[in-house]
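Visitor: I am new to this structure. Please show me how to read its domains and its cysteines.

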Amino acid sequence: MNFLEIVRFEIDYRLRRPYTWILFAVFVAVACLLAMKVLVGEAERAGDLHANAPSLVGMANVLVSMLGLVISAALFSEAALRDHDTRMSSLFATSPITKTEYLAGRFVGTLLVNALFVSVVPIVLMLLMRPPFVKGELLGPFRAATYVQPAIALLLPNVLFTGALLFAVGVLTRRTLAVFATAAFVFLGGLMAEEYIEGERGLAPLAALIDPLGFVALSENWEFWTTHEKNTRPLHVDASFLWNRLLWAGATAAILLFTRWRFRMNVASERRKGRREDQKEVSRARFSPRTFNASFDERARLRQFVAIAGDSARELLFSRDFAVIAVLMVLMVLSLGTETISDDFRTPLWPLTQFVVGFLVSFLPALAMALLTTFYAGELVHRERSVGLAEIADASPVPDWIIYTGKFAALGLVLVTLQAVLMASGLIVQVASGHFDFEIDLYLRILFGQKLTNYLLLAALAMLVHVVVDNKYLGHVLVVICHLFTMFAARFGLHHNLLVYGRDSGWTYSDLSQFGPFLRAVLWFKLYWGGWALLFAVIAGLLWIRGRDRGVATRLRLARQRFGRRAAVATALAALIVIGAGGFIFYNTNVLAGYRTPFEADGQSAEYERRYGKFENAPQPTVTGTKLHVEIYPERRVVDVRGTYTLSNKTAAPIRTIHLFLSPEVETRRLSFDRGSRVVIADNALGHRTVDLANALEPGHSLQMAFDVRFEQRGFPNSDPNTSVVGNGTYFDHDGGGPVNHRRWLPLVGYQTSRELSLAQVRREHGLPPRPLAPSVLGSSSVGDAAGPETITFEAVIGTSPEQTAVAPGTLLRSWNDPSAGSGGRRYFHYATERPVRNTFAIFSAIYAVHRETWNGVVIELFYHPTHTFNVERFAKAVRAALDYYTKNFGPYPHRQLRVAAFPRYANLAHAYPGIIAQAEATGWLTKVDESREVDLASMTVAREVAQQWWGFQVVPAAVEGGPAVSEVLAQYSALLVIEKLYGMDMVQWFLWNKRVEYLTQRSKADHPEVPLLDVTNHANVVYQKGPLVMYTLRQYVGEEPLNAALRRLVATHGSGGPPFATSRDLYRELKGATPPEYHDLLKDLLETITLWDLRTTAIAAEPAGDGAWRVTLDVEAQKFRADGSGKETEIPMNDFVEIGVFGESQNGESSADPLYLRKHRIRSGRQRISVVVKGTPARAGVDPQLLLIDRNWSDNLRPLTVEQSR
Amino acid sequence: MPDLRIRDVSKTYPNGVHALQRINLTIPPGMYGLLGPNGAGKSTLMRTIATLQEPDEGEIHLGSLDVLRQKDEVRKTLGYLPQEFGVYPKTTAERLLNHFAVLRGITRRGERRDVVESLLRQTNLWDVRKQKLGGFSGGMRQRFGVAIAMIGNPGLLIVDEPTAGLDPAERVRFLNLLAELGEKSVVILSTHIVDDVAELCTRMAIIDRGRILLESEPHGAVGDLQGKIWRRVVSRDELAALEREQVVISTKLLAGRTIAHVFRDGSPGQGFEAVAPDLEDVYFSAMSGHYGAGAMAQS
């Protein structure tokens, strides 16, 4: 049969081409490498998870499918277009084969080849997932099904579905670009669908259905599994996944049928227009050649260059393809932009130019630009050959280097145009959101300065690759791989930016300090890579294909021939730049700034622990007083601190030896005591110093320690330059477990456990035993770390530039200008606290606008960047409301001022110090809040930081497990209460909903075992997600006032700011005191254990009960589970009070309807029937309608009632 | 062997060009030449007969087969060598020919092997059968196209401008090949090279601007023009005058002087010598409207 012959020929043809096998090899290699990296990476990260866990392998297969899209695009586009491109169509059209035979033959043949490629991957994986490639301890038992199942359920069907789509597009559009664009869409669509739609609660099932790769359906059922489940449960093919496969099978059939219907074999000839011959008489004119002079001088060369560049650019830009691309880019920005301009916590931000541009250069658009760069580079290099003009063009008297530079310039023009398109769409986004402060110069600097440079570097690489590798598709694949390698180089152990093409030390833009400390380094790196790009250009010019000679030997010979003076000069210049810039960079990063690979840096921490960990429990004096004189030089990025500590011996025995930590990042110029001392150990590299006192410090006595430190950045580092002191927006702190980028510059007393390595895996790598308590920094706002709960008196004189304001804790005693000091004068501020505060403080210096008001004798000050006025009122209102509620319910506010200070967005967080709240530029200040649709996280963050003034600073948690329960959980609960007062219960419910989803999702991803709330240390998921759920459930059961009374008592007994320090058990005791006895079990479930419920309303009925009343009967099924740290669950008998609710018709949304009935009933394990009588027509009823008890399936709690049912 | 009957076939392209205007032809088995300038409609007609294009009006029958409506049947006995075609550069001649042989219905392997071998020998490609088609010269590719067209001894063979680009020896060989085939099938040779038609075709038609100007035997047409073609050598200035006075059907440059052929039923006068007409004269006479359908319309 003809069909079989066409299939046979297709397969035969493919398999004979070496290109096919190269593609095959590259694909299998990259796919396996990627899959292994993902599998091993996840397993290493997550402790008990096996690298060959069935669900994990399943997910890795989705990645393979996505990678396979590129291969499918290449294969199917060739299959669809080969006959058209080689102009063989008419030979087939006149053969006695039917359309169906022809199309089906090509499709099936290619499909089989593609399926072959793809099936090899699981086999290779199966062989590789064992020692010595993967460490034995990361593997579970070998099960063939782990690899076979996803191949059958995922890989092969995906090849069929996507192949049909790509083939159809190729056949019907006859354009390669369309096929690749479709593949890109499917790829990105899969990614986006998961991100976007899953966020919207109700649409998750829809996403699962329409995702052609099955990614969403699979990850949906994976989200809430625990480690144990992931290791053992086979790929769970549930209903939504099957529907997805069925839907796509149907869609595939429809697509193929449509293709057959629309396809015309002889379209090419039909579409040909009749050639209108010139019907005039043939002219009898004689040809008499006119003489002219051809010129080949420099000006002519320039004209030729312009001609080539302009002509190539025009052909690329004024084509239908480009218009389509431009439109698609605009659409992409518009559709994603408004959603994606948000901070790390997905809160939308005002579309300031810095954020809009940030999106325009983020992963997705940058990837699109990279793909377009290689695409157009390929087009330019191969253009003449594709249209058959090559031999004419190649024989023309234009030198090779002009051809190359002309085409490169054309590519540059295309990139510029694309950036302009991006900029236009960015402007549209801003206008659409009502923001008209465009900051055009910022657009220009980032899009056309920074980013364009990056793309041009990539363009140089792409042109080189396309010239060297003669095959357009292979060239594309290689360039994409290079680009991906550049982006993920760190995963392969390449950290230094001199080694990875196109990379620089990174930058973040901030409205305060603009390009701040990053610019110089970035420019040097760009220059360095520019030298390489020049070298690439020279090589490409030498190897440029001209004429027929394609062989390697011939091209090398020609290259040698072409290497003339011009090439030599360019090469020399390139070498000069590379060596010069490279050397300068190396000097700065490695010599001056001390470059260390992450492993080396960790090694230092490990060494510190090894050498000095023995001093951990040595009795040390406590800091009780800090006096500082700080000089900040923002333009020079220098900070000088002269200070004195008062150290008191609060132990029962004399102290003879003092251990100190002096950060290696600062220059400690002086360290002395007011009595005789001797330095015993001075390890400047690791920062440890041990001092013996001539006379021991007696218990109860104090001494003075004076020091002088200077911070100055020397050279510039390979990445992450220090951002504590910048031109505008200086922020550095001390001893508060502060944000990542902030160093500890002032001396610290004692051995610092916080300097130790915390991640179990990293500790293993450096040969350290695991640390049980893992007492390291908890998130960004932790006040409960083990750094010593000292209280100090604080006083500081801070000098800074005359136009800046310095902010520090305490009352501002006075401020003055000193015009003679320094260049242009300096300004000074003198702060002092009125009562002792916890030993954590921060110092800010920037050009601020200030909002000042008074509440009840407390001065509230907001220090913000002058143009960031969006939320100043909102913050003030939140601070007032918080102070109001907390003083009424928990106790008085201990200070006379409360300050909120802004700092640049190098770290996106908020952090509390006594009397001061540090709020990052992009956290809160610039949040765009729509209270009708989402939680006012800006106000909530502020309220939480204010609450820390009670929970953390007055009530100080003890440095034991459960500490964060006292500080973080209570702070967040307090903030929620303020939100409830400001906005009502609905907003609280939204917040809790998000927390619930987050908690359950993150549970399954944790890299260490989960613990109950009372035992938390650095378990961020439990503290920040489960915490509020637990507290609000308690509130609903116990009542707001009794709960607050319990908290008040905690403040009363433990709120001195010093010992006794509160533990979670103290909190538990107070809470228990406020809880009625029938809920004591619940209290235990919520706080002392990890408990999950599964509640379902299985059936529901209602019948009139006379008098307008109805009797509603519910069948409820209930189960209760206790989970251990790894997620293994055991069912336990349940006998708890659970709310039963009946609701009437509601206008909008469930929770706004007032319940007809809402009361707690005793619910036991298993089935039970509950009957209630309500006044009013019921519409919905169910068990635990407010979702107070943590349940993984919450959609089955409530059931709707229709009036018919109740007849 | 059935005739090919073309009745009232017309085609107008969307851009307004009247490619074919009421074409009426009956083509018997044998070599049939279709002569005409570029843009005359030859290729359109060829493609229509080859089942690749639909006319706006008209009927075409090959024996009892309705060419327009029974395309699949026609393709079983059709061989088509297009004016422009390409091949898969990376496949060998033997393999691709084999593939098409299967598609054209020669499914039995032994039979197919024989057919492929004989075709390759006939087109003189046997020695290069294992070479990749990408390395073939223009002439070789043309011969390969003929080999494909000749698979299965088609009853209708259409070749569109086949000899353009062939060297003299190749051209002769090619035309001989076609002639052999013409003994048994309908072979339509569409060309603008007059000599091809003169040497081979038993019948011919001249087509211009979508209309048939002349349909006859080449031999007969040449005979018709006996005594009507005159020759004169003129200079450039004289030519303009000559064109005004006489019907100049063609001019040629020869060593700096112009040789004009004039059409006249009877001597134009002094300085003209009679010439034995050839098919080229027939062509030019028809094209200028002085012989054939155009002439009939005129008189």
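**Two domains in chain B**

Guide: Chain B is assigned domain 1 (4-216) and domain 2 (222-296); the bounds come from an automatic or database domain assignment. This is a predicted model: local features need pLDDT of at least 70, side-chain atom pairs count only at pLDDT 80 or more, and totals for chains, interfaces and linings use all residues. Residues are numbered from 1 along each chain as its sequence is written, chains are lettered from A and ligands numbered from 1 in the order written, and side-chain values use heavy atoms, without hydrogens and water.

Visitor: How is the size of an interface given?

Guide: Often as the accessible area lost when the parts come together. Here domain 1 and domain 2 of chain B bury about 880 Å² (1.4 Å probe, summed over both). Carbon and sulfur atoms give 81% of that area. On the side of domain 1 of chain B, B:Val194, B:Leu213 and B:Leu214 lose the most area, together 51% of what that side buries.

Visitor: How many salt bridges does the rule find across the interface of domain 1 and domain 2 of chain B?

Guide: Zero. The rule asks for a side-chain nitrogen of Lys or Arg within 4 Å of a carboxyl oxygen of Asp or Glu.

Visitor: And what is a disulfide?

Guide: A covalent bond between the sulfur atoms of two cysteines. The rule takes cysteine sulfur atoms within 2.5 Å, and the count over all chains is zero.

Visitor: Is A:Cys32 buried or exposed?

Guide: A:Cys32 is buried (under 20% relative accessible area, 1.4 Å probe, protein chains only), because its value is 5%. A:Cys482 is partly exposed (between 20% and 50%), at 30%.

Technical notes: Buried area = accessible area lost by both parts, 1.4 Å probe.
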